[in-house]
Each structure stands twice: as structure tokens, then as C-alpha cells.
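Work through the exercises below with the sequence and the structure at hand, and try each task before reading its solution.

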Amino acid sequence: MPSEPTETSCDVLVVGSGIAGVTAAIEAARAGARAVLASLGPLFSGSSFYPGTWGLGLIAPLADEDAEDLERTILRVGCGMASPALARTLVRGVRPAIERLEALGAKLRRPDHAGEREFIPCFDHTERLWRGILREPCERSIARALKEAGVHVMDGCELVDLESSHERGVEGAALYDHGRSACHRVACRSVVLACGGTGGLFERRLTGADVVGTAHAIALAHGARLVNMEFLQIMPGLVDPCSGVVFNEKAFRFMEFDGSPAARQLTERADSEQLLAQRSGYGPFTARLASRAVDAAIDAAGPDGLAMRYRLERADDSAPASTVAMPELVRDYYEWLERDFGVRPHDWVRVAPYAHAANGGILIDDHGETGVPGLFACGEVTGGMHGADRIGGLSSANGLVFGARAGKAAAAWAFEKAAEHPIAHPECSGASDASIPGSCADADRPTTRRLPSKPALSTALSAEAIARPLAGTGARTAGSEIQALRQRLQRTMSSHCMIVRTEESLSQAESELEDIAKLADELLSGDGATVDALRLRHQAITARCLVTAMRERRESRGAHYRADFPEQDPAFDCPLAISWNTATGAPRCEPFSWQDR
């Protein structure tokens, strides 16, 4: 039986516990706000702490004079799709963000051979300041900082809706506590979304299981806009002898391939060595370089993957391969791969395309504001600081920089709003010594109380649709049907929205997604009303936004490749912004200028 719904009161709710979310929560709390950190997965989840990647690196300008070059490079690599203001904020904020992280006690790795070409970031042209985040020491340091700041952590709690009004903006959120099988309402003055990207919409993905791609639909429903949704990074990853593991692109120039037809379309080219050398300079697929032929060969191999192995001097296939002569970043990768997965450099592996990081997302300004009063966002769920392609090491940097800025801005908003609209805290009503008007600054953590067994929120998409699952009264007999529909959605996205996109395939995807959304609505209005059905509905809406942007951009640019429009077209030299058209019940996609933000 579902447990009784409960309520928590706080100043700032942060949703998502990747690098952006934990940073936002710490900075909001340090600014004096009572902060709650909620996440579907455990603390330290999301793409930031995904175990199938061999390391989490970030880059910054080497010195002040290097900053302008990095800003220009972001805009060039982004093919005109990145915001100059957000790029500047990102670049100028990385070094202070690194210093803040180290001040927490997080151990950051410095390269032994920084001058090696492998340390030049993806799509970049020169060396930058590079730091590697060591997971376990970083997690320990951040966990300690969260505790010292008084942040209340609620893991296993999924965001299902926001509470907002035109007059007062965001006032709360509905979470579903999967551990208690109950709705949990958070009454707050501001919300920071840090829920990650859209990898969960695909069958093969290099993201955590809690990156489900619903926050975009929820933000859209309450008036936010999305930008650059078509620019999804597709990365090569292992499918055999292990799966869900990123392939280190730095090794491409050292690989040998099997004699399959897919491999021969690459290896029989006269320029194959040059293509592999170029492909070693970046991780995700891009349409703007000739080395997209390498990804074409991987894609042609199908779901079983393209077979390859590291090319080393060895007596026979059973001889152990030495990593001594490898470049530092390649050696680190293969030592990690053998230690964690038992895969040695001379072993054959099969590699296929995976959905990875999103370059686009919720449209924000340089303080993480979404345009919806009281709603902020940071990290991979946002867009604008990256463009059609993203320089390697700037995703982690993005989370640190904009996580801090969004956390501080959300706290400032909460303080301003507190005096106008106090939240009643049952455990400290009438406290005269609270340092923040209307808050309970002397409490160790947010207060919790029982709620009536009825839905507390409405949604801009469908108030009736969420009533029963949030009340905990929905039947759970449709689990297999929901699972089948979710698999259908992921299969649709994987079949039509990965590397190769065409008008025909995208039109088919849109039709499939409309049908899936309709079936989810039917479940929500009947005995199949569950939180899983509501999640599916949000996922279908986010997926439709991706497909809408992919159809609208009838050209190839960066991570977006249209086989029917294979060249970049100046007619599309502007980003595309998506809003929700309530009249049609569909995404509305329009050209957008950063100057009009």
C-alpha cells in the first residue's frame, strides 16, 4: 500500500545530484538558504558520476590571455549556435570553480605529460589547463560539504511536476518517493533543475539510469523554452565484451580493424590513416569534419558493433600487451578498462554509437534563470553555453560554473520572495530570530509533515492526468504495458535520431511519438494511472521536442547530420528555440537570436 503523502518546506529545492546539482545545493546553502537536494538516483548520480566513463575531466584557460581564445574557439566549434554571453561566463568562471572544488578537499589530478597531443581537448586546437576529477575523493569531499552546509538530501525521489502561478511564480514541486511509494510535496520559493540531458530517451546511452529526460517537458509546461535540442552528442562505446562503456577516441589512430564490410569501407580508403588521426582528436560524432567517415563505418556495422583492437607489437594474440609506450591518456584508459572490466589492449572489442551528452536544453541566462519566476536550471539540462559541437572538458566545467551561479541566484530569489510571501514552517512558526525572512534558518533541516491524501499540484499540460498517480491511488496493473511503450519510444529514437537523420525517418519518429503520448494519456486517465505512466508522457514530450528541432534544421551542422541535407546551410545560421503550443498540444519551433534573449 502507498504511504501517506508528506510535505517538506525549504527555501531552495535542487533537483539532480550530478556535479551541477550538488554544486547548486552547496552554494544555495552557503548563501544562507535552507536547501533540499532531491534526485531520482542515489547521491552522486547522473552523467557526471556514470561508471561507464573512465574519467571526469575539465578544462580552463591556461592564463587570462588564453581566455579570449577559448571563448572564440567555443563559438567557432559551436558553429554559431552558442551564446557569446554564456560562453564568456563559462570561460571566466572555470578557474574559480576549480579553486572552490579544491577548497572542498576534492582531489584533482594534474597531467604528467601535459604537452602530449592527447591533452588537447576535443575539437580544440591548443593545450588548455586540464584537471581530472577523481571520483571517490571528490564524492567524499562534496558529501562532507553538503552535510556541513545543512543540505537535506532526498534520494530516490523523482520530480513529477512543479507548482507555479502567473502571479507568484514557482512555489513548490511534487516528488514521487520510490522508496516509500508516496507523493512528497516540497513547498519552496525557488527550484533549480539539474536533472541531466536526454540520454534516457535512447536504447544505447552513456548516461546514468536516473537521466530520464523528463525535466525538459516539465519546464516547458510551466513556460520555459528549450534551445539547441537537435545537437545531441553521439559517442562510440563498447558493446562487447562489455557494454555501456565509453571508447576512448584518443586510441583511434592506434587501432586495427577486422575484415568486415563495414570496416573495409574505412580501411580500404587511401586516406584512412589521416581520417583515423583526425578522429582521434575528438570524442562525439560531428558532421563538419571528413573523419565522420569513421563514425559512418561504426554505424554501418549495426548494433553488434565494429570490431577493433589496439595495434601493438606482440609475439602472438595471447601475449600480454604493454601500455608503457602509450600516450598518458590512452594508457590511463586501458589500465582502467582492464582493471574494471577485464578488457586488455590486445583484446578485440566491438564499438557502436551511443547517445551521450546533450548540447542543448532549457534556455537560461548567465545566472541560470529560465524566464519562469523562481525557476532556475544548470548543467546538462540547459543549453546555450555550447553549440553544435562542444569542446571536451566543458561539460563538467559547465556544471561547476552554472551550478554555483544558479544556486546563488535561486537563494537570492528566495530571500526576496520570502518577505512578500512567507512559507509557514510548522516547527518554527513565529520564530523572531530567523536570519532570513519567512524561513527557518535555525533548523537543522527542512520540516516535514503529513499531507491529506489528495494531489497538491496542477500542471500546465494536464491537471487531471497527474491527480491519481500523485495521490498514490493509481492501479499498478499496467507496468508491462508502460515498459513496452518506453522500449518502443527508445527504439524509435535510436532508429531515427542517432547519427543519420532524414525527413522520412524523422517524420516516422514524430508519428510514433505522438501515438505513444496518446497511449500514455489514455493510461493516465484510466486504471493504468501511475507515476511510470506520467514519466512516459513527459519523455514522449521531450522526445517530440528533439524530433521537431531535428526536422526543422534542414542542414548538417556539428552533431546534427541530415543525410538528405548533408552540407551546412547559411539559411540556418541561428539557434532554434522550442516553446509549448497549448492550442495545438505540440512543440513550437522558431528561429532565435541570442541578442533577443
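## Exercise 1: A hairpin and its neighbours

In this predicted model, the hairpin of S22 and S23 has 4 residues between the strands, and Gly585 there takes a positive phi near 65°. Task: find which strands pair with S22, and in which sense.

Solution. Begin with the hairpin itself, where S22 and strand S23 (residues 586-591) pair in the antiparallel sense over 6 bridges. Within this pairing, Leu576 has Pro591 of S23 as its bridge partner. Next, turn to strand S12 (residues 226-227), which also pairs with S22 in the antiparallel sense, over 2 bridges; here Val227 stands opposite Ala577. Finally, consider how far S22 (residues 576-581) is covered: 6 of its 6 residues are buried.

## Exercise 2: An asparagine in a loop

Task: decide whether Asn359 is buried or exposed, and state which residues it is in contact with beyond its neighbours within four places in sequence.

Solution. First locate Asn359, which lies in the loop between strand S17 (349-358) and strand S18 (361-363). Its relative accessibility is 0%, and because buried means under 20%, Asn359 counts as buried. Then look at its surroundings: leaving aside neighbours within four places in sequence, Asn359 is in contact with several residues, among them Asn228, Phe231, Gln233, Thr382 and Arg390. Gly387 is also one of these contacts, and its backbone oxygen lies 3.2 Å from a polar atom of the Asn359 side chain.

## Exercise 3: Cysteines

Task: state how many disulfides the structure holds, and where the nearest cysteine sulfur to Cys378 is.

Solution. The structure holds 0 disulfides. For Cys378, the nearest cysteine sulfur belongs to Cys195 and is 9.1 Å away, whereas a disulfide would need the two sulfur atoms within 2.5 Å. Cys378 itself counts as buried, at 1% relative accessibility.

## Exercise 4: Salt bridges

Task: among the 35 salt bridges, work out which parts of the chain are tied together by the pair of Arg253 and Glu118, and by the pair of Asp521 and Arg537.

Solution. Arg253 forms a salt bridge with Glu118, with the closest N and O atoms 2.6 Å apart. Arg253 lies in the loop between strands S14 and S15, and Glu118 in the loop between strands S5 and S6, so the pair ties together parts that are 135 residues apart in sequence. The two ends differ in cover, since Arg253 is partly exposed at 22% relative accessibility, while Glu118 is buried at 4%.

For the second pair, the closest N and O atoms of Asp521 and Arg537 are 2.1 Å apart. Asp521 lies in helix H13 and Arg537 in helix H14, so this salt bridge ties together parts that are 16 residues apart in sequence.

Note on methods. Residues numbered from 1 in each chain as written. Predicted model: local features only at pLDDT ≥ 70, side-chain atom pairs only at ≥ 80, totals over all residues. Heavy atoms only, no water. Buried < 20%, exposed > 50% of the residue type's maximum accessible area, 1.4 Å probe, protein only. Pairing = 2+ DSSP bridges. Polar contact = N/O pair within 3.5 Å; in protein donor to acceptor, adjacent residues only side chain to side chain. Contact = heavy atoms within 4.5 Å. Salt bridge = Lys/Arg side-chain N within 4 Å of Asp/Glu carboxyl O.
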